[in-house]
Amino acid sequence: MAYVIACLMAALSFLLNRRLLHSIGSVTVISCSPVLEESAKTLLPFYLGADILATHVLFGILEAGYDWYTRGTAGAAAPLFSILGHSLFGVITIGCLFVSSSVWLGLSGGLLTHLLWNVTVIRLFSGGKR
């Protein structure tokens, strides 16, 4: 079930992120996108009894495939960061969920990590201008 959820959530995130980028611009990457993605990868699997970590990891793999397809070898770091990042967000989410027994605290941990990750990666790759 986690595989189906990850595929559906990746498709939904792609469509919504694309729409948000057109509507509010690049600030989407450090605002709406992490909220949207982490909520989709955590809440749906949790309430459907699916594997949350597997959903996060597969989501990262699907995003990596999209990154590779759109950027080719010129953006070779992006696919790697997608897989590593989304796997990390899943581990943090599961860890917070385990410690607190609250899906909302688990979601908060993954979301905070995702926001910090995006800001850090953007600053590193934009020369610290952002």
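**Close-up views of helix packing and nonpolar cores**

**View 1. The pairing of helices α1 and α2.** The axes of α1 and α2 come within 10 Å of each other and cross at roughly 155°. Because an angle over 145° counts as roughly antiparallel, α1 is described as roughly antiparallel to α2. The model shown here and in the other views is predicted. The crossing of these two helices, α1 and α2, is right-handed. On the α1 side, the contact is made by I5, M9, S13, L16, N17, L20 and I24. On the α2 side, C32, S33, L36, E37, A40, L44, P45 and L48 take part. Sorted by character, the residues of the contact of α1 with α2 comprise 11 nonpolar, three polar and one charged.

**View 2. The pairing of helices α2 and α4.** Helix α2 spans residues 32–48 and helix α4 spans residues 77–100. The two helices pack at an angle of about 50°, and their axes lie 11 Å apart. This angle makes α2 oblique to α4. As in the first view, the crossing has a handedness: α2 passes α4 in a right-handed crossing. From α2, the residues E37, E38, K41, T42 and F46 make the contact. Their partners from α4 are H86, F89, T93 and L97. The residues of this contact of α2 with α4 divide into three nonpolar, three polar and three charged.

**View 3. The largest nonpolar core.** Seven residues make up the largest nonpolar core: A2, I5, M9, A10, A40, A50 and F59. Helix α1, which covers residues 2–24, supplies the largest share of this core, with four residues. Beyond its neighbours within four places in sequence, A10 is in contact with F59 and L62. In soluble globular proteins, nonpolar side chains tend to be buried together.

**View 4. A second nonpolar core.** Separate from the core in the preceding view is a second core of five residues. Among its members are L43, L97, V103 and L107. One of these, L97, also belongs to the α4 side of the contact between α2 and α4.

**View 5. The setting of R18.** Residue R18 is found in helix α1. What is the relative accessible area of R18? The value is 46%, and R18 is therefore partly exposed. Residue T93 provides a second point of reference in this view. R18 and T93 are 75 residues apart along the chain, and their C-alpha atoms are separated by 25 Å. T93 is one of the α4 residues in the contact with α2.

Conventions: Residues numbered from 1 in each chain as written. Predicted model: local features only at pLDDT ≥ 70, side-chain atom pairs only at ≥ 80, totals over all residues. Heavy atoms only, no water. Axes fitted to C-alpha atoms, helices over the stretch in contact; angles between N-to-C directions. Parallel < 35°, antiparallel > 145°, perpendicular 65-115°, else oblique. Left-handed = near helix turned anticlockwise from the far one by under 90°. Contact = heavy atoms within 4.5 Å. Nonpolar A, V, L, I, M, F, W, Y, C, P; charged D, E, K, R; others polar. Core = buried A, V, L, I, M, F, W, Y, C linked by side-chain atoms within 4.5 Å. Buried < 20%, exposed > 50% of the residue type's maximum accessible area, 1.4 Å probe, protein only.
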